[in-house]
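Me: Could you walk me through the empty spaces and the ligand site of a protein model?
Reply: Happy to! Let's look at it together.

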Amino acid sequence: MLAVAILAAGKGTRMKSCLPKVLQPLAGSTLVERVLTSCSGLQPQRCLLIVGHQAQEVQQQLTDWQGLEFVVQQPQNGTGHAVQQVLPVLEGFDGELLVLNGDVPLLRPSTIEHLVNEHRSSGADVTLLTARLADPTGYGRVFSDQQGRVNSIVEHRDCSDEQRHNNLTNAGIYCFNWKKLAAVLPQLCSDNDQGELYLTDTVALLPIAMHVEVADPDEVNGINDRCQLANCEALLQERLRNHWMKEGVTFTDPASCTLSEDCQFGRDVVIEPQTHLRGCCNIGDGCQLGPGSLIENADLGHGVSVLHSVVRDAKVRNEVAIGPFSHLRPGADIADQCRIGNFVEIKKSQIGEGSKVNHLSYIGDAQLGRHVNVGAGTITANYDGVRKHLTVVGDNSKTGANSVLVAPIVLGSNVTVGAGSTLTKDVPNGALALGRSKQLIKNGWQ
Ligand code: UD1
Ligand code: CA
């Protein structure tokens, strides 16, 4: 039987933020969600989250996590005090308690599994994860013998100068025999620099404490300030880019691009400098993204190019060219072989196959047929100040430059709209529509 407790009640003073530390985002998801994900593969019987500082905000963020139990720690008097709050909740529980600091977001699930397996096979009372760090500043130091038995953990600020030379550090991930831990938790005392109850002091109280050293020290990065947050973001981004390069994606300047974990790419995708993919994106074979583009929650088919553009919550089918300087907003749905050009904004609209919106247009709440040519500066006037209305344009129609289509309006197929027209009435198939004042010539006016 395994229970998990994640410590997420701390304020995160060193972050200097209005956001509780565990809700800081990293590559698109929060620190605490990353910790939850890293241990969800273990399928624990119970999963507890210790909350305290801004508990409501933390709970709200996690309402979608099935079976997560919130335990309130008030006030926040240290990591040992946090785990003491679990005592009444796990009364009678017989098994292991895996404790994870909520600010250690890069753990691989396999590392946690390894820790739990080692703990079970050695029969220790506690097994903790350690790392040898080139710069152990700020971390608790682990004092152990050759056999991996741990005698004590001393926090950086409580260490003597000599103790600080020890670079074996505590990662903040522990597998306890719950009954043994429960017996010693009430004995913790706060005779340390911070005057808090330290969970780390339980190792000296338990007869058999062991440690397992992590193979990749990057995994145990703890986040206390924004420099550490930026370092972790950089590490995560590098992991993601390397993964995708091995899967057939080209980056011409990898370090300048960022991805989220929910991105999928086909073969021979080229990502040019300063291009960022966020949220859930599916990118088909042979797409060319960037330079200078932001793509968020978007599905792109094959052979799509996006140059200096923003694409958000939109769908783009195959062989479409977007940009430079286009803005596809939520609900834009662009069919095969379309061309969306300079300074064009498209919102909640379907653009039919082979249609072109090349210059300076706003298309909102519209349905365009196939092979429509939208002239430069065409605007759908979709909003009357209260409600949004629909514009429909049939196949093979053309709008002249600087046309305004005042919605609701339906233009049939093969319609031609004269340049500079403001149309307020429907236009039948095959017609020419003009909605502008006649040109006047006054000879000899000078
Ligand atoms: C802790 C460890 C340290 C270890 C490091 C690894 C202790 C005493 N020290 O130090 O040995 O090297 O993590 O990253 O445990 N929290 C609560 N309630 C509290 C205090 C903290 O829930 O009252 C939570 C925080 O939200 C955070 C986690 O516990 O997620 C760790 O707290 P933090 O203050 O960051 O501990 P460190 O100083 O990093
Ligand atoms: Ca920390």
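Reply: A word first: a cavity is a set of grid points where a 1.4 Å probe fits but cannot get out, and its lining residues have an atom within 4 Å of a point. Keep in mind that this model is predicted.

Me: How many nonpolar residues are in the lining of the largest cavity?
Reply: The lining of the largest cavity includes I363, L368 and T378. Its residues divide by class, with no charged ones and four polar. That leaves the nonpolar group, which numbers six.

Me: What volume does the largest cavity have?
Reply: Searching the whole structure with a cut-off of 30 Å³ or more turns up one cavity. The volume of the largest cavity is about 50 Å³.

Me: Where does ligand 1 sit?
Reply: Around ligand 1 there are 24 residues, and among those that come nearest are Q73 and T79. As for the place itself, ligand 1 sits in the largest pocket.

Me: Which element gives the most to the shell around ligand 1?
Reply: Three elements give two or more residues to this shell: β1 (2–8), α3 (79–84) and β10 (168–177). With three residues, the one that gives the most is β10.

Me: How much of the accessible area of ligand 1 does the protein cover?
Reply: Start with the contacts: a polar side-chain atom of E155 is 2.7 Å from an oxygen atom of ligand 1. A polar backbone atom of N170 lies 2.6 Å from an oxygen atom of the ligand. On its own, ligand 1 has 760 Å² of accessible area, and the share covered by the protein is 91%.

Technical notes. Residues numbered from 1 in each chain as written. Chains lettered and ligands numbered in written order. Predicted model: local features only at pLDDT ≥ 70, side-chain atom pairs only at ≥ 80, totals over all residues. Heavy atoms only, no water. Near = heavy atom within 4 Å. Polar contact = N/O pair within 3.5 Å; in protein donor to acceptor, adjacent residues only side chain to side chain. Areas by Shrake-Rupley, 256 points an atom, 1.4 Å probe, with all protein chains shown as cover. 1 Å grid on protein atoms, 1.4 Å probe; cavity = no way out; pocket = protein on both sides within 12 Å on 5 of 7 lines; lining within 4 Å. Sits in = over half its atoms within 2 Å of the grid points. Helix = DSSP H or I, 4+ residues; strand = E, 2+ residues; numbered from the N terminus. Points joined across faces, edges and corners; volume = space filled by probe spheres on them. Nonpolar A, V, L, I, M, F, W, Y, C, P; charged D, E, K, R; others polar.
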